[in-house]
Amino acid sequence: MGDQTEQNYLPKKKKSETEDDKRRKKIVPGSLLKAVVRPGGGDSSPVDGDQVIYHCTVRTLDGVVVESTRSECGGRGVPIRDILGKSKMILGLLEGIPTMHKGEIAMFKMKPEMHYAENDCPVSAPGNFPKDDELHFEIELLDFSKAKIASDDLGVVKKILNEGEGWESPREPYEVKARISAKSGDGQVIFSYAEEPYFFTFGKSEVPKGLEIGIGTMARKEKAVIYVRKQYLTESPLLHIDQDLEEVHFEVELVHFIQVRDMLGDGRLIKRRVRDGRGEFPMDCPLQDSRLSVHYKGMLLNEEKTVFYDSKIDNNDQPLEFSSGEGLVPEGFEMCTRLMLPGEIALVTCPPDYAYDKFPRPPGVSEGAHVQWEIELLGFETPRDWTGLNFQSIMDEADKIRSTGNRLFKEGKFELAKAKYEKVLREFNHVNPQDEDEGKIFGDTRNMLHLNVAACLLKMGEWRKSIETCNKVLEAKPGHVKGLYRRGMAYIAGGEYDDARNDFNMMIKVDKSSEADATAALLKLKQKEQEAESKARKQFKGLFDKRPGEITEVGSEIREESKTIEEVDETKDNDNDETQEEEGTTTVSTERKRKWSEKAWPFLKNVMLQIGIQLGVVLLGILIFQFVGAKFT
């Protein structure tokens, strides 16, 4: 009770004032008068956000019709459709319509400033409209209802007749079945429901654009009216635009849709749901790393659809069980199963680079083969929730995931290994050690995970990110020997030799026992510097024998030769960390996406120090000479 009382006295947040609110403040008494011609039904009136549909006839005070939507008064017979609070309306209607009931006819007498003579009126007056006169506006409120705005310009609006099931809506390239009828804005039937639902593929222009936008907001089995204005009435097999339609009202019942997902966005990896599963998409899908159980049939995409494996036949009806996030199945297979519901059956069409070209190929599957899998997700188990676990249990769970990451690292699956380490680091954000001993264990484990991430980044060629990750460890513990070693190796990969030397020397200073590792690293550093100097001498060799016109060719040779900078060999670390023991002698391919100048600068900086600044001066002089010579040629 006390809480409730306290809640009642909490200050309410003030709504920000809208442009319409500001306009309403300009209304003066006597500028807008209302007379009810015919009462409406019910007690409710439209409010902001409602769609209002009404006929409007404007007359002078002596009864001459100025304009009208009614056909008997010279109009087209198409009522006006606005969204209160969204549509641009004259001030008199903005204020007057919310006072009406459904079916009501009312006469509003408006001063000029209440219609088109208002200062900064958002609606332009029709041609020859007497906007400086006092006028009568006769309004018949035909209907109002809650509306779903499907396009920013209000060209597509939806009115729900019957709520649907779930919250998933169709999108490109889903396959859709819907019962559709259509009327023009004045109520004339364009076409009625057919016996069979209309079938179309989302995104293929098989229905008018506005109708597709509206259907894209619907749930399965929902029934709605979709109001589509002229700018969204495009040609399609469903509706040929052979008349000057201002708008069309489509009544739609969304019977069913089949989820079809373009997993890569280029049409190569397609997942098509054949049978619906249990639960809500995607909340009940194994999005995170889980233990999955599936039956599947693999087929070649040839004319015969040759089956190369069927778990129900070839595995004695025993399902395949695997842990996602560990590279145990082809990448395309795992991507699609993560988006399945338990009990769902899906047909997956997969290109070779996401099937078996990068994965052990089953018998009968040749290199470069496109395949199709029919997958049934029987069920899955999510990882253990750490909520409520004691500190030791959390560290045990973390160690299991880290061990999996170490195995993946050893197998050369660096991105997957990195994802495992990062998963534990994210979970660690919610762990609070309770004493000094727990704090030390926690800190050491977190540092180890950061350094394992750094090792993965280095193997992936992301040496700058590797340095940034090492910095997280060294900021917390400046003398961390493994952190210094790892960062030094990353500096070598990036050609930052002076920084690498500083880190290796710092290792010896803070921990004498690391001298052997640091000395080996310094020898490797010296070797890299010598290689860099040798490459530089080859690149600049003969430069000074060239005539000015030939320097461009020399420049291209230098650029071609400099590609070798992007491949840096990495020898095995002598670190005691598990991941470092598993590194081997893999070649590091560095960041190819960075600009050449950014990549080459550390290397060129060291080269210039080795062969002297005089070379730079001479080179600059030659380039200037070439430029001046070209000017006078």
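## Questions on the fold

Me: Between which two strands is the loop that holds Pro173?

Reply: This is a predicted model, where local features need pLDDT of at least 70, side-chain atom pairs count only at pLDDT 80 or more, and totals for chains, interfaces and linings use all residues. Residues are numbered from 1 along each chain as its sequence is written, and side-chain values use heavy atoms, leaving out hydrogens and water. Elements are DSSP runs numbered from the N terminus (helices: H or I, at least four residues; strands: E, at least two). On that numbering, the loop with Pro173 runs between strand 8 (156-162) and strand 9 (175-184).

Me: Is the peptide bond joining Glu172 and Pro173 cis or trans?

Reply: Most residues other than glycine have a negative phi, and most peptide bonds are trans. For Glu172 and Pro173, omega is about 0°. The bond that joins Glu172 and Pro173 is therefore cis.

Me: Which residue does a cis peptide bond join to Phe281?

Reply: Omega of this bond is about -5°. The partner sits in the loop between strand 15 (270-275) and strand 16. It is Pro282.

Me: How many helices and strands are there in the protein, and what share of its residues is buried?

Reply: The secondary structure comes to 17 helices and 22 strands. Buried means under 20% relative accessible area, exposed over 50%, and partly exposed in between (1.4 Å probe, protein chains only). Of the 633 residues in the protein, the buried share is 44%.

Me: Which residues have the most contacts inside the largest nonpolar core?

Reply: A nonpolar core is a set of buried Ala, Val, Leu, Ile, Met, Phe, Trp, Tyr and Cys residues joined through side-chain atoms within 4.5 Å. The largest one here has 28 residues, and the elements giving it two or more residues are strand 16 (291-300), helix 6 (331-337), strand 19 (345-350) and strand 20 (371-381). Apart from this core lies another, of 26 residues, including Ala178 and Phe200. In the largest core, the residues with the most contacts inside it are Phe333, Val371, Trp373 and Ile375.

Me: Which residues does Ile375 touch, not counting those up to four places away in sequence?

Reply: Contact means heavy atoms within 4.5 Å. By that rule, Ile375 touches Val294, His295, Tyr296, Phe333, Thr337, Met340, Glu344, Ile345, Ala346 and Val348.

Me: Are helix 8 and helix 9 roughly parallel or roughly antiparallel?

Reply: Axes are lines fitted to C-alpha atoms, for helices over the stretch in contact, and angles run from 0 to 180 degrees between N-to-C directions. Helix 8 (residues 414-428) and helix 9 (residues 436-459) pack at about 155°, with axes 9 Å apart. Angles under 35 degrees count as roughly parallel, over 145 as roughly antiparallel, 65 to 115 as roughly perpendicular and the rest as oblique. Helix 8 and helix 9 are therefore roughly antiparallel.

Me: By class, which residues make up the contact of helix 8 with helix 9?

Reply: Helix 8 offers Phe414 and Tyr421, among others, and helix 9 offers residues including Phe442 and Leu449. Ala, Val, Leu, Ile, Met, Phe, Trp, Tyr, Cys and Pro count as nonpolar, Asp, Glu, Lys and Arg as charged, and the others, Gly among them, as polar. The contact of helix 8 with helix 9 has 11 nonpolar, three polar and four charged residues.

Me: How is helix 7 placed against helix 9, roughly parallel or roughly antiparallel?

Reply: Helix 7 (residues 391-410) and helix 9 pack at an angle of about 20°, with axes 12 Å apart. That angle makes helix 7, relative to helix 9, roughly parallel.

Me: Is Leu154 buried or exposed?

Reply: Leu154 has a positive phi of about 65° although it is not a glycine. Leu154 lies in the loop between strand 7 (148-149) and strand 8. Its relative accessibility is 10%, so Leu154 counts as buried.

Me: And Asn316, buried or exposed?

Reply: Asn316 also has a positive phi, near 50°, in a residue other than glycine. Asn316 lies in the loop between helix 5 (311-314) and strand 18 (320-323). With 66% relative accessibility, Asn316 counts as exposed.

Me: What separates the C-alpha atoms of Gly155 and Gly210?

Reply: Gly155 is in the loop between strand 7 and strand 8, and is buried, with a relative accessible area of 0%. Gly155 and Gly210 are 55 residues apart along the chain. Their C-alpha atoms are separated by 7.6 Å.
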